[in-house]
Amino acid sequence: VGSIAVGLKSGDSKEDKYSSGIVYTPGTHERKTPLSKLYKYSSETGWEEFLEKDPELPRLAKNVRVARNGRWAVWRIDKTDLWTSADRGELAMVSLTQPEARAREVTHGAGSLGDYEPSPSASFLAYTANYVNDSKSAPASCTHRLLYVTQVTDVTNAPLDFPVSAPGQLVADFGWVEGLPSTLWWTIQNGFQSTTFVRTLGSSPGCTLQLAVPCTTWVMAYQANGSSYIYGSDTMERTPSLVAVDTVTGEVVGELPLPYDVAADTLVTTELEWDVWPDHRCHGMLYQRRRPEDDVVVPGPLVVSLHGGPCEGIRPVNKVGIYSRYRDVLEQGYQVLVPATSGTLGFGDSWSRAIIGRVGQRDVDEVASGSQYVLRETHADRVSLVGSSYGAYVSSPADCRRLRAYTRNISL
């Protein structure tokens, strides 16, 4: 079995003149036209229609992924026409070795659905979802997704799901270890720090291994002769490097430094916490730059960088990524505050859900109080609020509350 694609035929040409014909883009499509069909490709026959008029292939089916042995395919079904931060969806799959095979659902009521990936052995499927199906989108978008694994040794029967991560954790990334049949790795972002775990499927939960340094690349590989996991790592404290980690202890046994912009070494990061109201505190990160000539930090005007969402994690959380994003303002002498306002993922479900019903109120107070806190502590006299999407929305009322005298607002 070769590549698999979702083929789309046109709906009403009066509605969309660009959607006519069949789209042969393996695995993805953006034109969610009616009558989705699954096509199979081989070098002998070319493209052939494999599955049609199946209830698990509605017009919002997309993003097909195929098991490496070519025996089954899985795809996503969007549950809404328009994008929402809840990102609701379901997964469906079909056997590619049975001529009269019909598709079946993998998930039912998955709520907010994230990424999904078949294992190298084709025996498992890993995916992230939160199974929150409230009639409103806020609970689903404000609840962390768990990492689940489905056993798919028999694609004709109902899957056997079990969670790998814990509720309230932000699964920043996950994948299968290359070179092993069914070993899963995943990275949890806890606030501004990341931790990576590895688990071989079929083993007990107690066999989950925590690695000494997090994986910050999309790929992890197994080195048989050295009994180690190989991957890239880059944090606020560590420069980018290719590391080898022992598969038993999780400790680093080898390291190869990677090239990077050494200007990032001038970055100074400080985790902050400030009072908003009585019994209400907020966290944030302050980024500053040491002057290369004398290694001294001179706090300048403040830039407050507001993330979108409102339910998103803080990105990036590695030194090189942070410096690359804020380099222009840091090198001009500014300092940057990134507040983890209510709704921010990575601080537990209670914090991410705290924004429900308080949009533009609770988070605005957190931004205003955090800005004032940094201004007092660093003796700065100016602050600029910068945000895109939801961050732009927050910056406008925050500009008007308690910061008007010395605020500049940049909304994107």
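**View 1. Half of the protein is buried.** Of the 412 residues in this predicted model, 50% count as buried. The fold holds 5 helices and 25 strands. About 19,300 Å² of the protein is exposed, and carbon and sulfur atoms supply 50% of that area. Looking at contacts between residues at least 6 apart in sequence, you will find that 52% join residues at least 24 apart.

**View 2. The largest nonpolar core has 24 residues.** Welcome to the core, where Leu302, Val304 and Leu337 touch the most other members. At least two residues of this core come from each of strands S20 (267-277), S21 (280-289), S22 (302-306) and S24 (383-387), and likewise from each of helices H4 (362-378) and H5 (390-400). H4 gives the largest share, with 4 residues.

**View 3. Leu337 and its contacts.** Setting aside residues up to four places away in sequence, Leu337 touches Leu272, Trp274, Met285, Leu286, Leu302, Val303, Val304, Ser305, Gly370, Ser371 and Val374. Apart from the largest core lies another one, of 17 residues; among them are Ala264, Tyr287, Val336 and Ala340.

**View 4. Leu57 is a loop residue that is buried.** Here we visit the loop between strand S3 (46-51) and strand S4 (61-66), where Leu57 is found. Leu57 counts as buried because its relative accessibility is 5%, and the cut-off for buried is under 20%. Beyond its neighbours within four places in sequence, Leu57 is in contact with Ser36, Lys37, Leu38, Leu51 and Trp75. Ala103 is 46 residues from Leu57 along the chain, yet their C-alpha atoms are separated by 7.9 Å.

Technical notes:
Residues numbered from 1 in each chain as written. Predicted model: local features only at pLDDT ≥ 70, side-chain atom pairs only at ≥ 80, totals over all residues. Heavy atoms only, no water. Buried < 20%, exposed > 50% of the residue type's maximum accessible area, 1.4 Å probe, protein only. Contact = heavy atoms within 4.5 Å. Areas by Shrake-Rupley, 256 points an atom, 1.4 Å probe, with all protein chains shown as cover. Core = buried A, V, L, I, M, F, W, Y, C linked by side-chain atoms within 4.5 Å.
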